[in-house]
Amino acid sequence: MPPIPVCSGPYKFDSRVSQDRIVLTRFDNYWNKDAYHFDKIIYLPIPDASVRLANLRAGDLDLTEGIAASDVKTVEADSKLALAKVTGLGYQGITFNINNGKVPANDPFKDARVREAFSQAIDRDALNQVVFEGLYTPANQPFSTVSPYHVNLPVPPRDVDKAKALLKAAGVATPLNVNLLVPNNPTSQQVGQVLQAMVAEAGFTLNLQMTEFATLLDRQQSGDYQLSFFRLVRTPGPGWQHLRFYPQQRDA
């Protein structure tokens, strides 16, 4: 992020303290300034959802996003809080690194059958129920159901026998050791642990590499990973947030 970013809109950049806060103040020359009533907006990065909720309930925050699914009932029962549920534009999923950075020539995931086997070993509905209280929408693509780019395709059901058959057809010896980058927060860790148990039944030994989020982004961009569990938000189309994780070759 540049020291003084260029902004447009009803608020202007005021200050930033790395890993602590970003402060915006109202832009008095904005064409529709009277529609905006806050003099100042302060963004506070609080990675832990339970800590965010505790600060909200204590009155230290006015608004927060990303309430943990396990905390939804608590919020709904609190008369001082209001909960808004929306189907977002983002998605969370697993990225396979098959050609970014120094990927070994014999990496098993270069074979599409191995990638499909991993996918077939996952029960998306069960994952949604166990980790997200059934509040999320199981998916099969990076485009949300509210995105204009969404394609209406059925979500594949779990099929462990098919996963095993695909690994056998690909000539892969099992158990197959796999490394998965996971953001270092409680919810993502729980997702990783559920995935561990699921894919183990098909012949994968999934090693979770808990990683600070900024480091995870750097490793994805440089290609220093095998698999990565990642969440993208507010992405209606295949924009820069997707392209930054794919190698790009430019003519000299």
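Select Phe230 to begin: at 5% relative accessibility this residue counts as buried, where buried means under 20% relative accessible area, exposed over 50% and partly exposed in between (1.4 Å probe, protein chains only). The structure is a predicted model, in which local features need pLDDT of at least 70 and side-chain atom pairs count only at pLDDT 80 or more, while totals for chains, interfaces and linings use all residues. Residues are numbered from 1 along each chain as its sequence is written, and side-chain values use heavy atoms, with hydrogens and water left out.

Next, add Phe213, which at 37% relative accessibility counts as partly exposed. The ring centres of Phe213 and Phe230 are 5.9 Å apart and their planes lie at 5°, so the pair is stacked. Rings of Phe, Tyr and Trp (its six-membered ring) pair if their centres lie within 6.5 Å; planes under 30 degrees apart count as stacked, over 60 as edge-to-face and the rest as tilted. Phe213 belongs to helix H7 (residues 213-222) and Phe230 to strand E7, 17 residues apart. Helices (H or I, at least four residues) and strands (E, at least two) are DSSP runs, numbered from the N terminus.

Now select Phe204. Which residues have the most contacts inside the largest nonpolar core? They are Val114, Phe118 and Phe204, in a core of 30 residues. A nonpolar core is a set of buried Ala, Val, Leu, Ile, Met, Phe, Trp, Tyr and Cys residues joined through side-chain atoms within 4.5 Å. Helix H6 (186-200) is one of the elements that give two or more residues to this core, and H6 gives the most, with five residues. Leaving aside neighbours within four places in sequence, Phe204 is in contact (heavy atoms within 4.5 Å) with residues including Val114, Phe118 and Leu167.

Move on to residues 11-17, strand E1, an edge strand of an open sheet of three strands in the order E1-E2-E3, with antiparallel pairing. Two strands pair if DSSP finds at least two bridges between them; six bridges join E1 to strand E2 (residues 21-26). One bridge partnership to display is that of Tyr11 with Arg26 in E2.

Keep Tyr11 selected and add Tyr36. Is Tyr11 buried or exposed? At 12% relative accessibility, Tyr11 counts as buried, whereas Tyr36 is partly exposed, at 30%. Their rings form an edge-to-face pair, 6.3 Å centre to centre with 90° between the planes. Finally, add Tyr30 and Trp31: ring pairs link these two with Tyr11 and Tyr36 into a cluster.
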